[in-house]
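Hi everyone, thanks for coming. I'd like to walk you through a structure, so please have a look at it before I start.

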Amino acid sequence: MDKKVLIIGGGPAGIETAYSLALQDVKVVMIEKDANVCGNIQNWEKLFPDFKDAEEVRKILSQKLNHPNIEVITNTEIKNLYPQGNLWFAKNDDERIFEANAALLATGFEVFDAKRKEELGYGIYDNVITSADFEKMYKSRKILTAEGRVPQRIAFLNCVGSRDEKVGNHYCSRVCCINAVKQAIEFKELVPDAKAYCFYMDMRMAGQFYEELYRKSQEKYGVTYIRGRTSEAAVTRDNRIQIKAEDTLSALPMKMTVDLLVLMVGIEASAGTTLLSEQNDVLGLYGFAKPLGLYSEDNMTTKPGLFLAGTCKRPLTLPETLADARSAATDIIKYLKTTK
Amino acid sequence: MKNWGFKISKPRVLDFDTANLDAYNRLIEKVPSAHRCLMCGACTATCTANLHTTFNFRNCHLMFRRGQFEGLAEELDKCMLCGKCKLVCPRGVNTRAIIYNLRIVLSDLNYKKIEL
Amino acid sequence: MNTIKKHFWNEYQKEIANDNYYYERSCIRQSFFPGSETAFLKILRDELGKKIIDDQHQHTCTGIGYHSDIVQFDTTMTICARLFSLMSDNELKNFVPSCVTSFGVFTEVVETWNQFPEELEKTRKFLREATGREFKIPENIAHPSDIIYKYRKELKQKMKYQLVNHKTGKPLRVVEHTGCHYGKIFSHHAVGGAEFPQVLAGMIEEWGGEVIDYPERRHCCGFGFRQYLVMANRGYSVANTKKKFESMEEYKPDFVLTNCPGCTMFMDRWQYTIAEMEGKTYDDNGMGIPVLTYEELAGLLLGYNPWDLGLQVHQVQSESLLDKIGIAYDPADKFIGKSGKFIGIPEKPEILKVDYDG
Amino acid sequence: MNFHPFILPFSLGAIVLFAIIIYKYVSWIKKLDRKQKYFVNKNMFTFKTIQATGEVIREALIHRNIYKKNPVLGYMHMSLAFGWFLLIVVGKTESSFYAGTFFEEPWLAIFFRYFAREPHEYFMATQFTFIMDFLLLVVLSGVLLAIIKRMRSKFMGMKKATKHSTFDRIALSALWWIFPLRLLAESTTAAITGNGGFLTGSLGNLMSGLPVQALELPLWWAYSTVLFAFFVALPFSRYMHIPTEVILIFLRKWGATAGEQYSGLSDIQINACSRCGICIDACQLNFAADINNVQSVYFIRDTRYHNLTDDIANNCLLCGRCTEACPVGIETTLIRQQMRNKAEIPGKHYYDYADVPDCNSKPEVVYFAGCMSHLTPSIIISMKKIFDAAGVKYWFMDEEKGLCCGRPMRQQGFVQQSKDLISKNMRMIHSSGAKVLVTSCPICYKSFRDEYVLEIPVLHHTEYIEKLIDSGKLELKNSGKSIVYHDPCELGRGCNVYDAPRAVLKEIGELRTSELEKENSLCCGGSLSNSVIDLATQTKIRDHGLEVLTASKPDILATACPLCKKSLVHGNKVIVKDIAEIVAVNIVNKKQPKKVQTAKNMNEFEVSYK
């Protein structure tokens, strides 16, 4: 097919769509703002719920980009995306213009900036980290406090930046609960004698094997789950973190001093997602892009030729993102075939 | 009155058929956001009064919602209305207004005698 | 009762011996409801023409002590064994314990021996060492209510009255309460099992009444052994009775029918306690709901004199019920004993209303 | 005797009016609380009374304050009030000259032209006629403006005009008719008798074609009747503010202020409200959240007519913008606090559970972070850094076991609870023996200043930091960042601290101004005092405020209140920092060893506060 598609964002969604399109003889230009492709999973070491090496997934995804129909342009951040006639144009800061028959937003998500929840002390206390920081630490298989000690007690706080009207995010980020279970297990494998606690509002274990992993974390690893939202963290004399929550099931306020506090940061729309959606009138709630419909039109937008894939629409897990990307490819091909 | 040496034990069951569940509607009229509470306990966790005594706002709210008023007014007296709880609520519930209005509704319900 | 329930309880049937019973009396019934056991013997012998031995050598089964954690099970088994040996002395095989607690204890003991033969041997040894006696395990253990249930149709033929309001012609509304130890320990030893005990319901329905199915029907009467016996727990005991009565109140039962000494006792007497403590009764007239044993009921319908059946020693007076059924009685005879002497009038309660002036 | 029955309605109305006013004056003064009475007695026979008289002339007659805020509105008020006042004074003088005695019939001045039918030869008759006509013209111009204002309030530069009650309508309609009727009545008489001036005489000439003989009496009757209607409606309408404002000005000059309980002064203040509606325009609930039935004017009206609802009493941010804007100077927020929640139990100790620690060390400074600051730990950490850098020995009073300052309870109307907390906190503060109390929370600060009886001065941390800079204990570097400062309500309007935070910010960055500053600054929306509005409304108020504050696109939005910080941060629009935080990262390390403060230094410190 003599058609070209512009894919903005070189994360899993972008790569998977690009490859699916390339297989159908569509020319693809994939533009990534960073130096490397693969997006957020670059920061992840292992994936839930099967502890697969993220590296493996990255390798598979990167290889897909070797397809001759795919052109990858990195270090280029698109600031302007607009249609003209039947064509789509994208511009970066240097006024470099890309042109194609259709465009796909695969601009993905950013993790919530935990500094906005000041009461939890991220960026203020040394021993408060985010789930993303944990993942980086885990690459070296060393989870240590700022002082270099092995934590004897660690707490994971769920719903940081998700389900929180105060920061304007009413939605559930879907991935943090199971991620906390995964990280708690990883930690317990490294430090079997330590205590791991997980504070939750609801444990949402809706994916396949999630419930099993949750159960395993309790049964095999002795992770303790406490139903209560932590609302305050303070530092102690020895630089540990004292957190306050209510153990709602015993209806008692509680406090706990931990060596390391991990904030399970939620998913937020990336700046690029919000910017480009707004330019094209497809901005939905919370800065995410808005698909045409929830069912068969989930990859389309009100703009003909503009498609969406992955977490630029809403929080999704990695398998969901990849499936969504392939479904976007189908819609794009259908569009390319019916338009001149 | 005879001294029986014992009293009929109060049932500990939450009886939704006989409990006064309507009083909660009066609170909702004043503070519609109370509906949104998901009982996460963040309010109780941050409570200033909890530095000195056990005061569980979430549980007070829940007990009121369930029509269990006994001892509630005395419990609510522990609150200093400082409003920290309102700031940490993830559901944007006006916790402070709940306490303030609970005091009024409870005193209307005669669970608290006003001595003057 | 709907068909599903009916189908369900029919799975729970038990074998009830036809004749030649050994009667084991209850410890407490003879003082609390003295007419009941006599009436039972009379019904069996006179109305049904059965043989039943009322042995003067018998004794407790230890039930109250056992369920209050005072008597050990080994002791209980040995004492029950002695009762069985008494039965054997009379060359009988069908054991009939008057009390539901005893029924539970005997069933449990026999079941234990079936499951653990070494326990049986141990018990034989204990009994032998203590008394030099030997015993046989009864072939059939049936509660007297089982026997009345079995012959409910035959008795109906002889009855003068029916469980019908003789003025309106409508069936009387009856709460039945089977003792917990009748069916809840071994449901296959109960007619209708634990969930749908049919033993009393069957009598009521056969004799013209209507059984009330209310939410707390299966709830304990409140006795609970140590719950009542230890005063610190007594509030809990009465609270359970209160719960039951609160639940049945709106059905406006005409009376309560029971088969267990404790249940009869507590459902009757706690009504007085609740009335005196809280000023509350569960009928419309402030007199309480009469509580009858199945023997008393059978006797009444057969036309026995209510005062011979001992209804005057109940806390809740039953004249209103007698009037409903249309049973003739002489109020003047109420407190005249069997010997013809005046037996005295009980003290009048402050709140619960009664027919007499004490 | 100059008499005609048409003077009767006027005379009756005047008698009723004066009787009611005197009755009200007496009952209000009786109801003043002890403190207010003390000030009245103390200052009644001082120079302050003369000052107050001057103010009465400036405010009640000339309406200088309204004039300053809105010249057209000011002129309208002045022409009506001062014009009418002069009409009475000059008219009385004229009628006295005419009658030849000061004790002529009291109504003569009012209906003078009717009775003085022939062009009499009294002292300066022509001049008087001219002046009276001129004054009438001035008043009529005011009436015209008032009518235009009612029809089109935007014309007067006001976005919202107050909605009126029945008495208001009667009084208002009467007021509109008084002077046109007087003009017509005098003109008809002038047409008949020729006693008119340049206005009435000219109009009389124009009317010569009409049956003036038949019109004359009905017009005088109508004039008298509308006067009656106005006088009788006045005490029950918003025009009661005219006689009440006078007494309020005197009381205020004598030093009386609204206390914690509703008193005679509160009565006077709510009666002094003219319902001009300026407070509606000042209210953020109105212009940022479109709630326009709860503002002070409605609150005061409902309080006055005893139909105040909880929803109105509680639906207020207590930001104080309306108090600042009120031309009459009514203490709107304080009265609102007085009217909130009456269900309290005097004499009960609510917080007996509180096990407050005494101070064991001997600090120079007591630091009270405040409840909210515990949710902004960065402020606390910054303050600790600042204390350490300045070498100040401090005691962090509410680090472990703090109590609320008591102000939130007070704002909600629970005075007794508030007092209980105050006494406990005071004990703690005094146990330290420190020389100064520093707090990070403006709400606490306001409480410490106004409701506590402290033996030591209290400073907000911005003021304290300024002192540290001035005394050379703290050296800061300029970060070069552009900063806009948001005035917290309680610190700015509440405590008049506007300059210290700005002085500090000038040291560490480029301070930019925003459209609404200082007295006019906006509430961040995070106010605790409003227990009615929900988060969505607060968000609207916050977002509107952020819009104004970040118009100049500063690097940092600075504030000095944990609550404001929390509220503004959640807007996620700009970097929001407390001043303490910005200061803490810009401290120049002097590398001097921490030295213990000498007594001499402390004394200097003390002097500079007092």
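I'll go through the chains, how they touch, and then a few local details.

One thing to keep in mind is that this is a predicted model, and everything I say is computed from it.

Let's start with chain D. Chain D has 610 residues, and 50% of them are buried. Its secondary structure comes to 28 helices and 8 strands. If you lay the C-alpha trace of chain D along its principal axes, it spans about 100 × 50 × 45 Å. Among the contacts in chain D with a separation of 6 or more, 76% are between residues 24 or more positions apart.

Now zoom in on one helix there, α22 of chain D, residues 442-450. How many of the residues of this helix are buried? The count is 8 of 9, so we can call the helix mostly covered. The buried ones are P442(D), I443(D), C444(D), Y445(D), K446(D), S447(D), F448(D) and R449(D). And what do they pack against? Their partners are β1 (365-368), α20 (407-411), β3 (436-439) and β4 (458-460), again in chain D.

For a contrasting spot, find Y23(D), which sits in helix α1 of chain D, residues 7-31. Is Y23(D) buried or exposed? It counts as exposed, because it has 11 C-beta neighbours inside 10 Å and the cut-off for exposed is 12 or fewer. Y23(D) and S237(D) are 214 residues apart in sequence, and their C-alpha atoms are 16 Å apart in space.

Next, who touches whom? Chain D meets chain B through 22 residues of chain D and 25 residues of chain B. On the chain D side, that breaks down into 15 nonpolar, 3 polar and 4 charged residues. Chain B also touches chain C, with 8 residues from chain B and 12 residues from chain C. The chain B side of that contact has 4 nonpolar, 2 polar and 2 charged residues. Chain C and chain D, on the other hand, share no contact, and their closest C-alpha atoms lie 32 Å apart. Chain A and chain C do not touch either, with 24 Å between their nearest C-alpha atoms.

While we're on chain B, there is a helix pair to look at. Helix α1 (residues 23-30) and helix α6 (residues 95-108) of chain B have axes that come within 10 Å and cross at roughly 135 degrees. That angle is why α1(B) is described as oblique to α6(B). The crossing of α1(B) and α6(B) is right-handed. On the α1(B) side you'll find A23(B), R26(B), L27(B) and K30(B), and they meet A97(B), I98(B), N101(B), L102(B) and V105(B) in α6(B). By class, this contact has 6 nonpolar, 1 polar and 2 charged residues. A reminder for reading that list: an α-helix has 3.6 residues a turn, so residues three or four places apart point the same way.

On to the domains. Chain C is assigned domain 1 (21-142) and domain 2 (145-333). The C-alpha centres of these two domains of chain C are 25 Å apart. Their contact takes 27 residues from domain 1 of chain C and 32 residues from domain 2 of chain C. On the domain 1 side, α2 (29-32), α3 (34-47), α4 (63-67) and α6 (100-115) of chain C each supply at least two residues. That side of domain 1 of chain C divides into 14 nonpolar, 8 polar and 5 charged residues.

Chain A has two domains as well: domain 1 (4-108 + 270-338) and domain 2 (114-267). In chain A the C-alpha centres of the two domains lie 31 Å apart. Here the contact takes 11 residues from domain 1 of chain A and 19 residues from domain 2 of chain A.

Last, some backbone details. Most residues other than glycine have a negative phi, and most peptide bonds are trans. In chain A, though, a cis peptide bond joins F48(A) and P49(A), with omega about -5 degrees. P49(A) lies in the loop between β3 (46-47) and β4 (52-53) of chain A. R174(A) has a positive phi, near 70 degrees, and lies in the loop between β12 (153-160) and α4 (176-190) of chain A. R174(A) is buried, because 20 other C-beta atoms lie within 10 Å. Over in chain C, F225(C) has a positive phi of about 50 degrees. F225(C) is partly exposed, with 19 other C-beta atoms within 10 Å.

Terms used: Residues are numbered from 1 along each chain as its sequence is written. Chains are lettered from A and ligands numbered from 1 in the order in which they are written. This is a predicted model: local features need pLDDT of at least 70, side-chain atom pairs count only at pLDDT 80 or more; totals for chains, interfaces and linings use all residues. Two residues are in contact if their C-beta atoms, placed from the backbone, lie within 7 Å. Ala, Val, Leu, Ile, Met, Phe, Trp, Tyr, Cys and Pro count as nonpolar, Asp, Glu, Lys and Arg as charged, and the others, Gly among them, as polar. Domain bounds come from an automatic or database domain assignment. Helices (H or I, at least four residues) and strands (E, at least two) are DSSP runs, numbered from the N terminus. Axes are lines fitted to C-alpha atoms, for helices over the stretch in contact, and angles run from 0 to 180 degrees between N-to-C directions. Angles under 35 degrees count as roughly parallel, over 145 as roughly antiparallel, 65 to 115 as roughly perpendicular and the rest as oblique. A crossing is left-handed if the near helix is turned anticlockwise from the far one by less than a right angle, and right-handed if clockwise.
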